[in-house]
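Here are my notes after a pass through this one, point by point. Have the model open as you read.

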Amino acid sequence: NGLDPSVKLEDITEAFEEVKAVKSDEDIASLKAAAREYDKLFAAMPLMLRPGRLEREVVNEIRQRLSRQGAESETPGFHSMVRLTSAPDGAESVKEPIKWPGRRLAEGDRVNITVSGYIKGSAAVLGRSFVLGTASEEARAYWDLAVRAQQMAASMAVPGASLKGISDAVRGFLKDNGSEDDVSGWIHGIGTSVYEAPRNIGSSADMQLKEGMVLAIGPEVKPAGKDAYSCADIFA
């Protein structure tokens with residue numbers, strides 16, 4: 001193929017990702033600034049989540065607000081990523097995919113929203129569950145479980161730990177508390193990209209955490225047949 005046989009090629013992808021995962025003070029300041037913009041966005045959710053509105057209307061307003069707050073796109077024309085599901089609080093999730101523009105929100109619905117994207121070159125992610133009206137005891141219990149799972153993962157994310165070890169422990173905790181098994185990428189690095197190494201699935205799952213790494217942490221609580229709860233935040 002024309003290569004000098006004496007030349008040896010070495011894959012340094014994982015070594016490079018480990019170096020890139022440790023953020024500078026300037027990087028962390030930019031990530032905190034992006035997170036604050038998402039805090040502002042979610043503080044306005046009670047204004048956006050109103051009975052009678054279509055899911056599409058809520059998603060479009062989230063993207064419009066983020067655009068006014070300085071959100072950028074990873075590629076031209078690619079909006080901030082918004083994952084939204086809704087169903088009556090306590091009811092099973094919809095079996096068939098809902099066609100765009102989605103269902104119309106009603107009093108008593110539980111609405112689950114996770115948003116990710118970019119603010120001035122730094123990525124951010126935030127996820128919460130909302131109830132239009134008074135939340136059921138079941139919803140409160142599952143949300144408390146989602147928060148506890150996140151806190152457990154965050155408390156274990158210390159230098160020397162691995163995301164595989166954290167993931168295995170949290171998955172066991174969730175299964176013991178009645179949640180379906182979650183093998184999704186709910187804990188991963190974040191920086192100039194929304195989804196960076198280390199990740200709890202794949203080759204970087206065993207990477208040792210170091211001071212200065214920044215993680216998005218949001219374990220999903222999955223009651224059988226119902227939309228998942230996810231408390232997702234960024235941790236340095």
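1. Let's start with strand E3 (109-119), which is mostly covered: 11 of its 11 residues are buried. Keep in mind that this is a predicted model. The burial in E3 holds on both faces. One side carries Asp 109, Val 111, Ile 113, Val 115, Gly 117 and Ile 119, and the other has Arg 110, Asn 112, Thr 114, Ser 116 and Tyr 118. Asp 109 and Arg 110 are on that list too, so check them by eye: both count as buried here, which means under 20% relative accessible area.

2. Who are the neighbours of E3? Strand E2 (81-88) pairs with E3 in the antiparallel sense, over 8 bridges. Within that pairing, Arg 83 has Thr 114 of E3 as its bridge partner. Strand E4 (122-131) also runs antiparallel to E3, and 10 bridges join the two. In that ladder Tyr 118 stands opposite Ala 123 of E4. Then there is the short strand E1, residues 71-72, which pairs antiparallel with E3 over 2 bridges. Ala 71 faces Ile 119 of E3 there.

3. The turn from E3 into E4 deserves a look. E3 and E4 form a hairpin with 2 residues between the strands. Lys 120, in the loop between E3 and E4, has a positive phi of about 50° although it is not a glycine. Is Lys 120 buried or exposed? Its relative accessibility is 69%, so Lys 120 counts as exposed.

4. On to the largest pocket, with a volume of about 380 Å³. It is lined by 18 residues, and the closest to its centre are Arg 83, Thr 114, Val 125, Gly 185 and His 188. Arg 83 and Thr 114 are the bridge partners from point 2. The elements that give two or more residues to this lining are E2, E3 and strand E7 (215-217). Which of them gives the most? That would be E3, with 3 residues. By residue class, the lining divides into 9 nonpolar, 7 polar and 2 charged.

5. The second largest pocket holds about 210 Å³ of space. Its lining has 13 residues, with Glu 55, Leu 84, Thr 85, Ser 86 and Ile 98 nearest the centre. Helix H4 (55-68) and E2 are the elements that give two or more residues to it. E2 has the largest share, at 4 residues. This lining splits into 7 nonpolar, 4 polar and 2 charged. Note that E2 turns up in the lining of the largest pocket as well as in this one.

6. Two arginines sit over tyrosine rings. The charged end of Arg 110 is over the ring of Tyr 229, 3.6 Å from its centre. Recall that Arg 110 is one of the buried residues of E3. The other case is Arg 199, which lies over the face of Tyr 195 at 5.0 Å from the ring centre. As for ring-to-ring contacts, the count comes to 2 aromatic pairs.

7. Last, a backbone detail to inspect. Where is the cis peptide bond between Ala 197 and Pro 198 placed? Pro 198 lies in strand E6, residues 196-199, and omega for the bond is about 0°.

Note on methods:
Residues numbered from 1 in each chain as written. Predicted model: local features only at pLDDT ≥ 70, side-chain atom pairs only at ≥ 80, totals over all residues. Heavy atoms only, no water. 1 Å grid on protein atoms, 1.4 Å probe; cavity = no way out; pocket = protein on both sides within 12 Å on 5 of 7 lines; lining within 4 Å. Points joined across faces, edges and corners; volume = space filled by probe spheres on them. Nonpolar A, V, L, I, M, F, W, Y, C, P; charged D, E, K, R; others polar. Buried < 20%, exposed > 50% of the residue type's maximum accessible area, 1.4 Å probe, protein only. Phe/Tyr/Trp six-rings, centres within 6.5 Å; stacked < 30°, edge-to-face > 60°. Lys NZ or Arg CZ within 6 Å of the ring centre and 35° of its normal. Pairing = 2+ DSSP bridges.
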